Amino acid sequence: METSTTSGARGATRTSAPSGPEDPGTDEPRRTGPLIVTEDLGLLDDLLRLCAAAGVEPEVHHRVPERRAGWTDPPLVLVGADAAARCRGAARRPGTVLVGREPEDPGVWRLAVEIGAECVLRLPDAESVLVDRIADAAEGVGRQALTVGIVGGRGGAGASTLACGLALAAARTGRRTLLVDGDPLGGGLDVLLGGERQEGRRWPDFTASKGRLAGGALEESLPSVRGVRVLSWGREPAAPVPPDAVRSVLAAARRRGGVVVVDLPRGADAAVGEALAQLDLGLLVVPGELRAVAAAHRVASTLSVEVRDLRAVVRGPYAAGLDERWVADALRLPLVGELPYDPGIVADQDAGVPPGAESRGPLGRFCDAFWAHALASGGAA
């Protein structure tokens, strides 16, 4: 395995991990990675490969760095089992992991206690766990994003309009916001937002993604419209996105914190199931009509299997004898509220203004009020 090195302090080597396969989620500049302490070249080779998979650049030493900050400042320290004895007496610090490749050995656990390691990981069995630990430490992962999915109770219910309004309202609060278009037949949320000409990646660029994606790279690769990062579809016929790719992309988005809004189709397949499994809250948009309520009942029955918190958003005008409370009760769902009729949406779109872009309009006020309640309850950072 070839590496490029530059000399550093005595007994230290600055090592640039080789790049892994090209992937839309990992082609960002290398982030500050862990400190690796080992002289085992085979183990070092494995650790450099895992750092490359996590999108980080490590620093390699054969013993505890002479400068105290060289030991205490890295987000994670990976100590090879061969070097553990040389790390005795180093300052105790969080994020120290002892890594080995030998079968179970009680002596390794004793060394782990002596150097203050949080855990012992053995390769190759713990490779996926270690990649996650490396990437989490480099990204500074905190609270996950509050993830809200929007589904129409029937066609034309206004789910995409609400999804755009919610994303724009969340961005107005100053929170990191990602809008995900989960409906390949919906026409494109980037078009609805007026950002179809913005440069950036779309779903077809992520179809080969699997495993862990770098959240920062994902965010930076997407088009930005009015403070919202948008993952939508291209103009070509939409190819199916594999469930693994949906899982990887949404997990990366959630690790960045803030708010993720997902516009979802009514039909369920394995890819949609992956998205539903990551929702904190599902909103079912239902027009106030008997046929719409009947259709929404079937959709709700499917969604309730996957979505732990499913609620109704009811939209007027209403058929005789119906109101928002009647509709929610008929669906046996908690009521979020009434989505008001906004006569200015069509005119705004003709003028290039996305739905809900202005907080003074009916949709904007509804969305602002939604986040004021949802975020006040601690759902997002």
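In this predicted model, strand β9, which spans residues 177–181, is mostly covered, with 5 of its 5 residues buried. The burial extends to both faces of β9: T177, L179 and D181 lie on one side, L178 and V180 lie on the other, and all are buried.

The pairing of β9 with its partner strands may be considered next. Strand β12 (residues 259–264) runs parallel to β9 and is joined to it by 5 bridges. Within this pairing, D181 of β9 stands opposite D263 in β12. Strand β11 (residues 228–231) is likewise parallel to β9, and 3 bridges connect the two. Here V180 of β9 has L231 of β11 as its bridge partner. D181 and V180, which provide these two examples of pairing, are both among the buried residues of β9.

Attention now turns to a pair of helices. Two packed helices are described by the angle between their axes and the distance between the axes. For helix α1 (residues 41–54) and helix α4 (residues 127–139), the axes come within 9 Å and cross at roughly 55 degrees. An angle under 35 degrees would count as roughly parallel, and one of 65 to 115 as roughly perpendicular; α1 and α4 are therefore oblique to each other. The crossing in which α1 passes α4 is right-handed. On the α1 side, the contact is made by L47, R49, L50, C51, A53 and A54, while α4 contributes E127, L130, V131, I134 and A135. By character, the residues of this contact between α1 and α4 comprise 9 nonpolar and 2 charged residues, with no polar ones.

Conventions. Residues numbered from 1 in each chain as written. Predicted model: local features only at pLDDT ≥ 70, side-chain atom pairs only at ≥ 80, totals over all residues. Heavy atoms only, no water. Axes fitted to C-alpha atoms, helices over the stretch in contact; angles between N-to-C directions. Helix = DSSP H or I, 4+ residues; strand = E, 2+ residues; numbered from the N terminus. Parallel < 35°, antiparallel > 145°, perpendicular 65-115°, else oblique. Left-handed = near helix turned anticlockwise from the far one by under 90°. Contact = heavy atoms within 4.5 Å. Nonpolar A, V, L, I, M, F, W, Y, C, P; charged D, E, K, R; others polar. Buried < 20%, exposed > 50% of the residue type's maximum accessible area, 1.4 Å probe, protein only. Pairing = 2+ DSSP bridges.
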